[in-house]
Amino acid sequence: MTNLILRGRDYRTLQPIELEIEHGIIIDVRALSELEEEIILAPGLVDLQVNGFQGVDFNHFPFSEEDVLHATRALWQQGVTSFLPTVITAMPEEIAQAMQRLASACQHHPDVARAVPGFHLEGPFLSPEDGPRGAHPREAIRAPDIALFDSWQHAAQQHIRLLTLSPEWPHSDALIKHCVAQQVRVAIGHTSATPQQIHAAVDAGATLSTHLGNGAHLQLPRHPNYIWQQLAEDALTATLIADGDHLPADVLKVFLRAKGEQALLVSDVTSFAGQPPGIYDTAIGGRVQLSASGRLSIADAPQLLAGSARGLLDGVNFLLRQQLATLAQAIEMASIRPARQLNLPQQQGLACGAPADVLLLAAQPDGSVALRSCVKQGAAVWSENVDYL
């Protein structure tokens, strides 16, 4: 098998480097004295929250195995080389069906299996209150139930890797401990929990905050409140949606300063990415409105967002355009840091022995970057111009 050679500028230093790849693994990283193409090499993006993509909705059953394959390949065109399909609050049998179909897609399609390290279950153990509940259907919200979670994990063939819940429910700590014992990460989200309840959840093993600052009341007490408490918990890593709609730039700046290395990006992207503006009926939030600017909101309550129609690379670029992070920081918030949360080998980045999930990027005049090619485990899975490879 012929080794693949990639040349470009290291996203961390912008110094010229050469990556040698064999059998899907980076086997050597060499410094170069000069470089003809002004291409930046960066790790593939890892998205922990993908509700769907490009017309495929993981929360509108039935969807097919081929739909999951289509979404996987479409995400490669956005630089997302690994992702967690995310199933939100629904009736128990609907969640089970979605988990079964996702697991079956992983089993029958190698491209899905190598891009999907697990699933994210966001709900149904969330706050029933308007605001924190967000776009999740109130009638399907329920108290934590270990037996029910285990039934979904069985349907998922043990692929659930991340659970988002609200610790405001009694006995939440028992479910958290149960999940942690199974190597399932637990995140706090869509919550109206007290500071004491949040602290108890952390003590039980919760380690993440799901899209911190969203899924919240429109108005909160100055202090204490559940946003401050999650920012203050050193054991919580915050996932943030940096699409320009979910959080204002000033809020993102404060969150990034507070969390430092414990901040990472998710997209919360839905099937509406790439779709024309209009009113749509969907399992996520019922009737939703997609604006010409790409903002996705609940049609009857436009002040409430219903997920995102912008991908993870858009979040990276928002940080860059707003000068909220360096190129290295923005890339790592969307690649190495989320991979680390699931203990994926992709957390090694562009290092010898790491999976060769590599993006070829071009710097843009406004400070952002544009995707030119995407490599997954040493194979070019999308390229704007094959001459880059």
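## Glu-34 and the β3–β4 loop

Glu-34 is found in the loop that runs between β3 and β4 (40-43) of this predicted model. With a relative accessibility of 65%, Glu-34 counts as exposed. Its C-alpha atom is separated by 9.6 Å from that of Gly-8, and the two residues are 26 apart along the chain.

The β3–β4 loop also holds Glu-38. The side chain of Glu-38 meets that of Arg-9 in a salt bridge, 2.9 Å from N to O. This pair links distant parts of the chain, since Arg-9 lies in strand β1 (residues 4-10), 29 residues from Glu-38.

## The open sheet

An open sheet is formed by 7 strands in the order β3-β2-β1-β4-β19-β20-β21, with mixed pairing. β3 and β21 (379-383) are the edge strands: each has a single partner strand, so one side of each is left without a neighbour in the sheet. From one strand to the next, the twist averages 35 degrees. In general, strands of a sheet pair through backbone hydrogen bonds, in a parallel or antiparallel arrangement.

At the β3 edge, strand β2 (residues 16-22) and strand β3 (residues 25-31) run antiparallel and are joined by 6 bridges. Ile-21 stands opposite Ile-26 in β3. The hairpin of β2 and β3 has 2 residues between the strands, and His-23 takes a positive phi near 50 degrees there. At the β21 edge, strand β20 (residues 369-376) pairs with β21 in the antiparallel sense over 4 bridges. Ser-373 has Ser-383 in β21 as its bridge partner.

## Salt bridges

The whole structure contains 16 salt bridges. One of them joins the side chains of Asp-28 and Arg-30 at 2.7 Å, N to O. Asp-28 is partly exposed at 25% relative accessibility, and Arg-30 is partly exposed at 28%. Both residues belong to a network of salt bridges that also links Arg-7, Glu-18 and Glu-20.

Another salt bridge connects Arg-114 and Asp-111 at 3.0 Å, N to O. These two residues both lie in helix α3 (residues 110-115), 3 residues apart, which is about one turn of the helix. Arg-114 has a relative accessible area of 24% and is partly exposed, whereas Asp-111, with 16%, is buried. The cut-off for buried is under 20%, so Asp-111 at 16% falls in that class.

## A buried glutamate without a salt bridge

Which side chain of opposite charge is nearest to Glu-168? The nearest is Arg-133, at 9.9 Å, and Glu-168 is buried yet has no salt bridge. A salt bridge requires a separation within 4 Å. Glu-168 has its place in the loop between β10 (160-165) and α5 (172-181). Its side chain reaches the backbone nitrogen of Ser-192 at 2.8 Å.

## Aromatic pairs

A search of the whole structure finds 4 aromatic pairs. Phe-61 and Phe-63 form an edge-to-face pair, with 5.7 Å from centre to centre and 80 degrees between the planes. Phe-61 is partly exposed at 28% relative accessibility, while Phe-63 is buried, with a relative accessible area of 3%. Together with Phe-58, Phe-61 and Phe-63 form one aromatic cluster.

Phe-272 and Tyr-280 form a tilted pair, 4.9 Å from centre to centre and with 50 degrees between the planes. Both Phe-272 and Tyr-280 are buried.

How values were computed. Residues numbered from 1 in each chain as written. Predicted model: local features only at pLDDT ≥ 70, side-chain atom pairs only at ≥ 80, totals over all residues. Heavy atoms only, no water. Pairing = 2+ DSSP bridges. Axes fitted to C-alpha atoms, helices over the stretch in contact; angles between N-to-C directions. Phe/Tyr/Trp six-rings, centres within 6.5 Å; stacked < 30°, edge-to-face > 60°. Buried < 20%, exposed > 50% of the residue type's maximum accessible area, 1.4 Å probe, protein only. Lys, Arg positive; Asp, Glu negative; His and termini not counted. Polar contact = N/O pair within 3.5 Å; in protein donor to acceptor, adjacent residues only side chain to side chain.
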